[in-house]
Amino acid sequence: MTIEVIVLKAPRPDLYDLLQQNMWGFEVNFRISDALKPLQVGIDGRDLLLGGLEGQKPIVYGLSQEIRKWRTANAKTVKSGKKPALFRALGVGGGDRVIDATFGLGRDSCQLIAGGVAIEAYERVPELYFLARASQLWEGIDEEQLKIHFGSVQTNPQNLPIYFDPMFSDGHDRKAKSGKGMQVFHQLVGGDEDAMNEAKRIKNLTNRMVVKRAPKATQLLEGRNSEWTSKAVRFDLYL
Ligand SMILES: C[S@@+](CC[C@H](N)C(=O)[O-])C[C@H]1O[C@@H](n2cnc3c(N)ncnc32)[C@H](O)[C@@H]1O
């Protein structure tokens, strides 16, 4: 797999080397240009960028900032006497390990990492894999905390809980797809139309799978064992 990365402003030379040597068989071609087209991946000095849609500014990508944000948000929930729903659904806390089968922009993984959970992540869209791995390398996020794989989860020798959050929609969306980030993301990923088959396949890899859905959406697989619903999301648990 090869990905073209647009260089708007060159990073430090050691950062080029870091990227080229640590992408695990995933080849990176750098091209210098003065503009980023929609959905292109770019580097602007130290910033990692994803090109916005026509007329929109690029999105700046960074996992460390997301982890910091979640540290604050998790602490607020814990202070109010609760454990965040994602942790409850997965049955995990600090020191545990989870497979995130659908890393995306990594927001859910960052919430878990902020709570001390280690993540084995999978993402099949090359641009999103590149951004995640590059951000990890540049920001020095430990591989004990986050290990990102390109592609889909195939094995789970330690029988870890698996989190599955595909784009697949049955018309009951979680939230309006009007945000700039969401529109770009939607164009890049599409609708994950194989989500039901993937859910069946992934269920066979674990004794505990959690699927994220919109509160009113249908179950991706019939027969969930439990659910956690808030205003914005629902987590379905399959044992
Ligand atoms: C809705 S997004 C996940 C958002 C993520 N939970 C977050 O917090 O940013 C779904 C992502 O999973 C990826 N994906 C969907 N099905 C997948 C599969 N079977 N294997 C690997 N990646 C998958 C898509 O490419 C997309 O980036």
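**Strand β7 and its surroundings**

Ile 99 has Glu 120, in strand β7, as its bridge partner. The chain passes from β6 to β7 by way of helix α4, residues 107–114, and this β-α-β crossover is right-handed. The model in which these features appear is a predicted one. The bridge between Ile 99 and Glu 120 belongs to a parallel pairing of β6 (residues 97–100) with β7, which extends over 4 bridges.

β7 also has a partner in strand β8, residues 146–150: the two run parallel and are joined by 5 bridges. Here Glu 123 is bridged to Phe 150 of β8. The connection is again a β-α-β unit, made of β7, helix α5 (residues 126–139) and β8, and it is right-handed. β7 thus pairs with β6 and with β8. The strand itself, residues 118–123, is mostly covered, with 5 of its 6 residues buried.

The helix that leads into β7 can be described in the same terms. In α4, 6 of the 8 residues are buried, so the helix is largely enclosed by the rest of the structure. The buried residues are Asp 108, Ser 109, Cys 110, Gln 111, Leu 112 and Ile 113. Their cover includes the helices α2 (63–79) and α3 (85–90), together with β6, β7, β8 and β9 (162–164). Just after α4, Gly 116 adopts a positive phi of about 85 degrees.

Helix α4 and strand β7 also take part in the surroundings of the ligand, each supplying at least two residues of the shell. There are 19 residues around the ligand, and those that come nearest are Thr 102, Gly 104, Arg 107, Asp 108 and Ser 152. Asp 108 is also one of the buried residues of α4. Sorted by class, the shell holds 8 nonpolar, 4 polar and 7 charged residues.

The wider setting is a protein chain with 7 helices and 12 strands. The C-alpha trace spans about 50 × 35 × 35 Å along its principal axes. A compact globule of 239 residues would have a radius of gyration near 18 Å, and the chain agrees with this because its own value is 18 Å. Over the whole chain, 32% of the 239 residues count as buried. Among contacts with a separation of 6 or more, 65% come from residues 24 or more positions apart.

How values were computed
Residues numbered from 1 in each chain as written. Predicted model: local features only at pLDDT ≥ 70, side-chain atom pairs only at ≥ 80, totals over all residues. Buried ≥ 20, exposed ≤ 12 C-beta atoms within 10 Å, placed from the backbone. Pairing = 2+ DSSP bridges. Right-handed = clockwise from strand over helix to strand, strands pointing away. Near = placed C-beta within 6 Å. Nonpolar A, V, L, I, M, F, W, Y, C, P; charged D, E, K, R; others polar. Contact = placed C-beta atoms within 7 Å. Rg over C-alpha atoms; globule rule 2.2 N^0.38 Å.
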